[in-house]
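User: I would like to go through this structure by question and answer. Please keep it plain.

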Amino acid sequence: MSQTVRTRPEGSAQALSEAYDTALLDLDGVVYAGGNAIAYAVESLGTARSGGMRLAYVTNNALRTPDVVAGHLTELGIPTEESDVITSAQAAARLISEQVPAGARVLVIGGEGLRVALRERGLEPVESADDDPAAVVQGFGGPDLPWGRFAEACYAIARGVPWFASNTDLTIPSARGIAPGNGAAVEVVRIATGAEPQVAGKPLPPMHRETILRTGAERPLVVGDRLDTDIEGAFNGEVDSLLVLTGVTDGAQLLAAPPQHRPTYVDADLRGLLTGQQEVVEVTGGFRCGGWTATAGSERLDLEGDGEALDGLRALCAAAWSAAGDGTCELDGGKALARLGL
């Protein structure tokens, strides 16, 4: 896929909720953290929805079913229907259904989210490699998934059964810290079998396709906190994206982003859906956004001026991405980011 390399965040005279018909929202780090709503999320999403924007919640978590996710969001004060939730389990089930006979058996290494998604596609979940499965699907099964489940996957794969994975996120956030994600479990099976799974979840195209099919979005905006799943997924789907700084991505990671990880827009939180975006303008020797001007020197990024911290960050992104071209910026931006409090 050939795409123009993004060298700066874009501006928008319109509020993003007016410029796009559907927000494709990541959940953890964007809407909630540790099960609790992130500041401004409930109010911002309510205002965007009342203004006519459709809200869809797109998650790589294959464990929880859409109705459970919708119930959780509704409890937080964000009224959500089951049909508003799209999971990597659904994307994986569609991918499998296109490659095996109708009604085929599928060996499930994971939780209820996968089983519900497979039945939705007319496939039969089974538990053993001896049940003559036509495919193996692996998704996050929670911290108590027995080790023997990986062995079942290996037995089936060794017989030539095709292997699918909902996603390959190596880690997931938990209340106690960072825990192994489905990607870590996939590595166990990969090492044991030498096989490679077909992967459905973000940032790969099957997840984007599933989302568009289920929402009917014509002008979608991906909203996320992770460069390597949310923003790269938008890049692969050739749609615009908004990075919010309420999750895992910090300023230094954003400045060093290669082309596939560079968002269209950057904002502090979901209030960014309700506003326009300040334009970044190229000036002699650098880039200006609001009251800030950023330049790229031989060893570091420099920042002059004052004003809103986000404007300074947008200007720094332009200086860093332009200097990096289609690579990764290695200039030191620490002093400039510290000046912004980022």
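User: Which residue in S8 stands opposite valine 108?

Analyst: This is a predicted model. Strand S6 covers residues 105-109 and strand S8 covers residues 135-138. Across from valine 108, the residue in S8 is valine 137.

User: How many bridges join strand S6 to strand S8?

Analyst: Strands of a sheet pair through backbone hydrogen bonds, in a parallel or an antiparallel way. Strands S6 and S8 run parallel. The number of bridges joining S6 to S8 is four.

User: Which strands are at the edges of the open sheet that contains S6 and S8?

Analyst: The sheet has five strands in the order S7-S6-S8-S9-S12, with parallel pairing. An edge strand pairs on one side only. That is the case for strand S7 (124-126) and strand S12 (198-199).

User: At about what angle to S6 does helix H6 run?

Analyst: Helix H6 spans residues 148-158. It lies across S6, S8 and strand S9 (163-165). Relative to S6, helix H6 runs at about 145 degrees.

User: Is arginine 94 buried or exposed?

Analyst: Arginine 94 is in helix H4, residues 88-97. Not counting residues up to four places away in sequence, it touches Arg121, Arg209, Glu210, Leu213 and Arg214. Its relative accessible area is 16%. The cut-off for a buried residue is under 20%, so arginine 94 is buried.

User: Where is arginine 271, and which residues does it contact beyond its neighbours within four places in sequence?

Analyst: Arginine 271 sits in the loop between strand S15 (265-267) and strand S16 (281-283). With a relative accessible area of 38%, arginine 271 is partly exposed. Leaving aside neighbours within four places in sequence, its contacts are Tyr40 and Ser44.

User: What separates the C-alpha atoms of arginine 271 and glycine 51?

Analyst: Along the chain, arginine 271 and glycine 51 are 220 residues apart. In space, their C-alpha atoms are separated by 14 Å.

User: How many disulfides does the model have?

Analyst: A disulfide is a covalent bond between two cysteine sulfur atoms. The rule asks for sulfur atoms within 2.5 Å, and the count by this rule is zero. For cysteine 317, which is in no disulfide, the nearest cysteine sulfur is that of cysteine 289, 9.7 Å away. For cysteine 329, also in no disulfide, the nearest is that of cysteine 317, at 10.0 Å, and the number of disulfides is zero.

User: Is cysteine 329 buried or exposed?

Analyst: Cysteine 317 has 0% relative accessibility and counts as buried. Cysteine 329 has 9% relative accessibility. Because a residue under 20% is buried, cysteine 329 counts as buried.

Technical notes:
Residues are numbered from 1 along each chain as its sequence is written. This is a predicted model: local features need pLDDT of at least 70, side-chain atom pairs count only at pLDDT 80 or more; totals for chains, interfaces and linings use all residues. Side-chain values use heavy atoms; hydrogens and water are left out. Helices (H or I, at least four residues) and strands (E, at least two) are DSSP runs, numbered from the N terminus. Buried means under 20% relative accessible area, exposed over 50%, partly exposed in between (1.4 Å probe, protein chains only). Contact means heavy atoms within 4.5 Å. Two strands pair if DSSP finds at least two bridges between them. Axes are lines fitted to C-alpha atoms, for helices over the stretch in contact, and angles run from 0 to 180 degrees between N-to-C directions.
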